[in-house]
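User: Please take a close look at one part of this model, the surroundings of the ligand, and then follow the chain outwards from there. I would like a single connected reading rather than a list.

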Amino acid sequence: MGTAGTVSIAGNLERVQERIDRARRRAGRTDSVTLVGVTKYVPVERIVEAYRCGLRHFGENRVQEFEGKHSQLTLASAVFHLVGHLQSNKARRAAELFDCVDSLDSLRLAHKLDAAAREQGITLPVLVQVNVGDEESKFGVAPDDLLELVEKIAPFEGLSLRGLMAIPPYLEAAESVRPYFRRLRRLAEGLARRHLPGVEMRELSMGMSHDFEVAIQEGATLLRVGTAIFGPRKQ
Ligand SMILES: *Cc1c(COP(=O)(O)O)cnc(C)c1O
């Protein structure tokens, strides 16, 4: 992978795509698995380079950082996901800047995003972030509170609920993360069985650079990959 200056994005993307293809084959998956390149701390030029190499989905975790980059990113068919915690006071800006918010974690935020989206005349696709590891330090709704939140958000006209997202505990061995991926999938399956109007459970955003093969086996449809594409971050 090399150090920041010498990273070959084309080469990295090729390797990541090979890993994805292999994992899909092993898991017997024929549905789609979308690679979201996570570009926090990645300068605009590198993002454009990845786009030229064919990457279409990008994830940023802070509104403020993306605010500074987005005007230089006139990439016709790029899709920008917000994948980090969003403060309610930035909801309006987030609804303008991003194509989807994959980290919706509270009713309060849902209200703000819904109002902003309706004002802007759009329907904003969202994923609900679940704290699958029940970690104090992590954002996301507790698994026990998920159904209640989903039922409340479902009728919101400015939001289109597409699925779930999780950031499991960081564990060195990818295999150890499996129970958390599985938990997210089961939660989504449980919600899907309820056939709530306005609720789709098509997307599962889970899996990062070191564990996405396991996430694919457990049903991930959106992989959030930073380091394996763009090299090590400064932070
Ligand atoms: C940074 C980040 C990632 C990517 O992590 P890597 O280990 O670099 O692939 C994925 N998801 C979120 C929410 C992130 O903030």
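Analyst: The element names used below rest on DSSP runs, with helices (H or I) of at least four residues and strands (E) of at least two, each numbered from the N terminus. The model is a predicted one, and what follows should be read with that in mind.

The ligand is the natural place to begin, and the space it takes is the largest pocket. Around the ligand stand Val38, Lys40, Asn61, Val83, Ile167, Met208, Ser209, Arg224, Val225, Gly226, Thr227 and Arg233. Three of these side chains can be described in more detail through their polar atoms. Ser209 places a polar side-chain atom 2.5 Å from an oxygen atom of the ligand, and for Thr227 the distance from a polar side-chain atom to a ligand oxygen is likewise given as 2.5 Å. In Arg233, an N or O atom of the side chain is 2.8 Å from an oxygen atom of the ligand. Taken on its own, the ligand has 390 Å² of accessible area, and the protein covers 90% of that area.

Two of the surrounding residues, Arg224 and Val225, lead into strand β8, which spans residues 222-225. In a regular strand, the side chains alternate between the two faces of the sheet. Strand β8 shows Leu222 and Arg224 pointing one way and Leu223 and Val225 pointing the other way, with all of these residues buried. Leu222, which lies in β8, has a relative accessible area of 6% and is therefore buried, the cut-off for that class being under 20%. Its C-alpha atom is 8.9 Å from that of Met165, although 57 residues separate Leu222 and Met165 along the chain.

Strand β8 also has a partner in β1, residues 34-38, and the two pair in the parallel sense over four bridges. Arg224 takes part in this pairing as the bridge partner of Val36, and Arg224 is also among the residues that surround the ligand. In the loop that joins β1 to α2 (44-52), one meets Tyr41, whose phi is near 65 degrees, a positive value in a residue other than glycine. Most residues other than glycine have a negative phi. Tyr41 has a relative accessible area of 38%, so it is classed as partly exposed.

A further residue of the ligand surroundings, Asn61, belongs to the loop between β2 (57-60) and α3 (63-69). With 22% relative accessibility, Asn61 counts as partly exposed, because the buried class is reserved for values under 20%. Asn61 and Leu82 are 21 residues apart in sequence, while their C-alpha atoms are 5.7 Å apart in space.

The loop between β7 (199-205) and α8 (212-217) holds Met206. At 0% relative accessibility, Met206 is therefore counted as buried. From Met206 to Ala166 the C-alpha distance is 5.7 Å, with their positions 40 residues apart in sequence.

Going further along the chain, strand β5 (124-130) is mostly covered, in that seven of its seven residues are buried. That cover extends to both faces, with Leu124, Val126, Val128 and Val130 on one side and Pro125, Leu127 and Gln129 on the other. Strand β4, residues 100-104, pairs with β5 in the parallel sense over two bridges, and within this pairing Val101 has Val126 as its bridge partner.

The loop between β5 and α6 (146-153) offers residues in contrasting settings, one of them Glu136. Asn131 has its place in that loop and, with a relative accessible area of 8%, is therefore buried. The side chain of Asn131 reaches the backbone oxygen of Glu135 at 2.8 Å. Asp134 lies in the loop between β5 and α6 too, and its phi, near 45 degrees, is a positive value in a residue other than glycine. Glu136, by contrast with Asn131, counts as exposed, because its relative accessibility is 83% and the cut-off for that class is over 50%. The C-alpha atoms of Glu136 and Leu73 are separated by 35 Å, with the two residues 63 apart along the chain.

Definitions and conventions:
Residues numbered from 1 in each chain as written. Predicted model: local features only at pLDDT ≥ 70, side-chain atom pairs only at ≥ 80, totals over all residues. Heavy atoms only, no water. Buried < 20%, exposed > 50% of the residue type's maximum accessible area, 1.4 Å probe, protein only. Pairing = 2+ DSSP bridges. Near = heavy atom within 4 Å. Polar contact = N/O pair within 3.5 Å; in protein donor to acceptor, adjacent residues only side chain to side chain. Areas by Shrake-Rupley, 256 points an atom, 1.4 Å probe, with all protein chains shown as cover. 1 Å grid on protein atoms, 1.4 Å probe; cavity = no way out; pocket = protein on both sides within 12 Å on 5 of 7 lines; lining within 4 Å. Sits in = over half its atoms within 2 Å of the grid points.
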